[in-house]
Amino acid sequence: MDGVLLLDKPAGMTSHDCVAIVRRLLKTKKVGHTGTLDPSVTGVLPLCIGRATKLSQFLTAEAKEYIAEVTLGFATTTEDADGEEIDRQLPDSPITNDMAQHALAGLLGTSSQTPPMYSAVKVNGKKLYEYARQGIEVERPSREITIYRAELLGDVVKNSDGTYTFAFLVKGSKGLYVRTVATTLGEKLGYPAHMSKLRRTASGTFEIGDCLGMDQLEELSKTPDKLPLISMEKALEGMPRVAVSGWVEKLVRNGGALEFGQVPAMEGLFAIYNESGQVLAVYEFDASKGMNVSVRGF
């Protein structure tokens, strides 16, 4: 059983919890995810099964889309609703749709983002949330991220406690923290803020409409041959591809480096297939060697 299983992750479970359940249901240890979702976050969680576990590193690099909710009026330690309140300043004048749309438009493009203290980013071999739990503040490395879409969904709502809430869609590059997007929106609007809800609606080419709920998965696992697994070939369809045959195919299967005469000149990562359409490996150009080298064979 090889392929990618799309799960609509429920709230209250870690990504590892989901992996453990699928391992049990499918009776295989070869299950891995393509990037963690916090326990409170729902939505698209691609799970790689069997040989497809070798694809994980390539699927994490793709753009992701979310529907999020930001609450203006107080900030938290974790930048989401699970943290402790650390700063409260209720808006003293109405937050309008136009104001929210303007703030969202200001997020578009490439910028530097500093990850939250409560995150899995490592500093000196230790995850930031481990420092945070010990009350240790460390310098966090900023990273370059790109936001492709940022749109208001519905109206800004004033809540009974004086806070304001609005939902928005955001699509961004690898490494984007939507929690930090929420706090940045607060800064742009002049008030402390936190992310109050989050749902991932797309990860690369994988969309929420194609995902199985946990109940569906449990039922279908009784007849594994009916599981809607995405083939390794389809999972990589967004990557440039090259077809090879004969002795070049043997070279690829053995992880050998390829000269430009053996494959066309390509930029970045590209997938190599045989004439039957089976994906064999992912390669990239190595400038130091002047050749295309294998990144991962399948």
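Contact here means heavy atoms within 4.5 Å. The model shown in these close-ups is predicted.

**View A. Helix 3 packs with helix 5.**
Helix 3 spans residues 97-105, and helix 5 spans residues 178-189. Their axes lie 9 Å apart, at an angle of about 120°. That angle makes helix 3 oblique to helix 5. The crossing of helix 3 past helix 5 is right-handed. From helix 3, the contact uses M99, A100, A103 and L104. From helix 5, it uses L185, K188 and L189. Sorted by class, the contact residues are 6 nonpolar and 1 charged, with no polar ones.

**View B. The largest nonpolar core.**
This core holds 46 residues. Five of its members have the most contacts inside it: F166, F168, V178, L185 and L217. Helix 1 (residues 15-26) supplies the largest share of the core, 6 residues. L185 also belongs to the contact between helix 3 and helix 5. A second core is separate and has 20 residues. Among them are C48, F206, Y273 and V279.

**View C. The surroundings of F168.**
F168 is one of the residues with the most contacts inside the largest nonpolar core. The list that follows leaves aside neighbours within four places in sequence. F168 is in contact with Y66, I67, A68, E69 and V70. Its partners also include L104, E151, L152 and L153. V178, V181 and L185 complete the list. L104 of helix 3 and L185 of helix 5 appear in View A as well, where they help make the helix contact.

**View D. N159 in a loop.**
N159 sits in the loop between strand 10 (143-158) and strand 11 (164-172). Its relative accessibility is 26%, so N159 counts as partly exposed. With neighbours within four places in sequence left aside, N159 is in contact with Y164 and T165. L72 is 87 residues from N159 in sequence. In space, the C-alpha atoms of N159 and L72 are 10.0 Å apart.

**View E. E249 in helix 8.**
E249 is part of helix 8, which covers residues 246-253. The relative accessible area of E249 is 18%, so this residue is buried. The cut-off for buried is under 20%. Not counting residues up to four places away in sequence, E249 touches V244, N274 and L280.

Notes: Residues numbered from 1 in each chain as written. Predicted model: local features only at pLDDT ≥ 70, side-chain atom pairs only at ≥ 80, totals over all residues. Heavy atoms only, no water. Axes fitted to C-alpha atoms, helices over the stretch in contact; angles between N-to-C directions. Helix = DSSP H or I, 4+ residues; strand = E, 2+ residues; numbered from the N terminus. Parallel < 35°, antiparallel > 145°, perpendicular 65-115°, else oblique. Left-handed = near helix turned anticlockwise from the far one by under 90°. Nonpolar A, V, L, I, M, F, W, Y, C, P; charged D, E, K, R; others polar. Core = buried A, V, L, I, M, F, W, Y, C linked by side-chain atoms within 4.5 Å. Buried < 20%, exposed > 50% of the residue type's maximum accessible area, 1.4 Å probe, protein only.
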